[in-house]
Amino acid sequence: MTPKFYPLAAIAMLAAGGAAAGTLDDVKAAGKLKCGVSQGLPGFSTPDDSGKWTGLDVDYCRAVAATVLDDPEAVEFVSLSAKDRFTALSSGEIDILSRNTTWTITRDTDLGITFTGISYYDGQGMLVPASLGVTSALELDGATICTNTGTTTELNITDYFKQHDMTFELVALENSDEVVAAYGAGRCDVFTTDRSGVAAERLKLADPDAHVVLPETISKEPLGPSVRADDKEWERVSRWVLNALIEAEEYGITSENVDEMMSSNNPSVQRILGAGDNDYGAAMGLTKDWAARAIKAVGNYGEIYDRNVGPDTPLKLDRGVNNLWNNGGFMYAPPIR
């Protein structure tokens, strides 16, 4: 039989027709976004007294849902341990992972996932009982240290103690609340995780003021959302929603003034909000007001930060390096143009 040849364009159309639907299509069809979060980390992802999830990581997922589904409440939050989070993402149990997770080379290359930005710049810290009288991590030779299994903290603490020729005993548990409970019960001398996590978990102790955070930051922990690496369309949606929230703060667009800013004469603002003839959503399978939807639903990055972890919250975390790039910090988003 003589083989039948097709133009390249036809082959591309056949391939597209035979391909499985991507995550964006799946989310639209389901009418909800499945978002992987922590087992309860105040300020980042935790249920309130009524069972509603709140936090910086939670608000990001609500922003994605607002962008894709025009409904920030159309999110199913899936509580995951540090050990199980990547399996849940790669298996399709969740659509996006927004769970105080550090971007590292091994996670980016070995797990079939890709990080889509940095939502919080952090570093590993240590919490000790004030009664120990310890003022520096360099005084912890021989200490027993509690942390979560399946995290970067185990490697970091091992590297730090080896570097300073100190010994320690590690107690690694899977459930975050179990780790805090073990520390609170005196099973270990030190609790270690990201500094934001230390501040959050400290609030769960019977007497938070009886514990102090040591001054050392022993690692870099850029935290951010991640998606499956084989879905470039969904990767772009995830990345640009975060970028839009950061850009919105830079240009003074807030949850309260989105409609007013639609008539701004600033071309950058018009592009972000999809005003006039600006339509950057079409190329991602979104509406032209995709970013406006997200900002109206949860606010810009500064609003999200202040509401969940800022100085007026129980965590009392200053912006520091999480300030915008033009205000002394690291937060910098590629431009929407």
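**Exercise 1. Where does K316 lie relative to helix 13?**

Work it out from the chain, then check the backbone and the exposure of K316.

*Solution.* Keep in mind that this is a predicted model.
- Step 1: follow the chain past helix 13, and you'll find K316 in the segment after that helix.
- Step 2: look at the backbone. The phi of K316 is near 55 degrees, which is positive even though the residue isn't glycine. As background, most residues other than glycine have a negative phi.
- Step 3: check the surface. K316 has a relative accessible area of 57%, and the cut-off for exposed is over 50%, so K316 counts as exposed.

**Exercise 2. Find D165 and decide: is D165 buried or exposed?**

*Solution.*
- Step 1: place the residue. D165 sits in the loop that links helix 6 (153–163) to strand 10 (168–173).
- Step 2: read off the phi. For D165 the value is near 55 degrees, again positive in a residue other than glycine.
- Step 3: settle the exposure. With a relative accessible area of 70%, D165 is exposed.

**Exercise 3. Describe how helix 3 packs against helix 9.**

*Solution.*
- Step 1: start with the geometry. Helix 3 (residues 56–69) and helix 9 (residues 232–250) have axes that come within 10 Å and cross at roughly 110 degrees. That makes the two helices roughly perpendicular to each other, because angles of 65 to 115 degrees fall in that class.
- Step 2: add the hand. Helix 3 and helix 9 cross in a right-handed sense.
- Step 3: list the partners. Helix 3 brings Y60, A63, V64, T67 and V68, while helix 9 brings W234, V237, S238, V241, L242 and L245.
- Step 4: sort them by type. The contact has 9 nonpolar residues, 2 polar ones and no charged ones.
- Step 5: think about spacing. Residues three or four places apart in an α-helix point the same way, because there are 3.6 residues a turn.

**Exercise 4. Now do the same for helix 9 and helix 13.**

*Solution.*
- Step 1: the axes of helix 9 and helix 13 are 6 Å apart, at an angle of about 95 degrees. Helix 9 is therefore roughly perpendicular to helix 13.
- Step 2: on the helix 9 side you have L245, I246 and E249, and these meet Y301, G302 and I304 in helix 13.
- Step 3: the tally for this contact is 4 nonpolar, 1 polar and 1 charged.

**Exercise 5. How many of the 9 residues of helix 12 are buried?**

*Solution.*
- Step 1: count. In helix 12 (residues 290–298), 7 of the 9 residues are buried, so the helix is largely enclosed by the rest of the structure.
- Step 2: name the buried residues. They are W290, A291, A292, R293, A294, I295 and V298.
- Step 3: see what surrounds them. These buried residues pack against helix 3, helix 9, helix 10 (258–261), helix 11 (267–273) and helix 13 (301–308).
- Step 4: check what follows. Helix 12 leads into G299, which has a positive phi near 90 degrees.

**Exercise 6. Which residues does T151 touch, leaving out those up to four places away in sequence?**

*Solution.*
- Step 1: find T151 in the loop between strand 9 (143–148) and helix 6.
- Step 2: list the contacts, which are A82, R85 and R107.
- Step 3: take R107 as a case. R107 and T151 are 44 residues apart along the chain, and their C-alpha atoms are separated by 11 Å.

Notes:
Residues numbered from 1 in each chain as written. Predicted model: local features only at pLDDT ≥ 70, side-chain atom pairs only at ≥ 80, totals over all residues. Heavy atoms only, no water. Axes fitted to C-alpha atoms, helices over the stretch in contact; angles between N-to-C directions. Helix = DSSP H or I, 4+ residues; strand = E, 2+ residues; numbered from the N terminus. Parallel < 35°, antiparallel > 145°, perpendicular 65-115°, else oblique. Left-handed = near helix turned anticlockwise from the far one by under 90°. Contact = heavy atoms within 4.5 Å. Nonpolar A, V, L, I, M, F, W, Y, C, P; charged D, E, K, R; others polar. Buried < 20%, exposed > 50% of the residue type's maximum accessible area, 1.4 Å probe, protein only.
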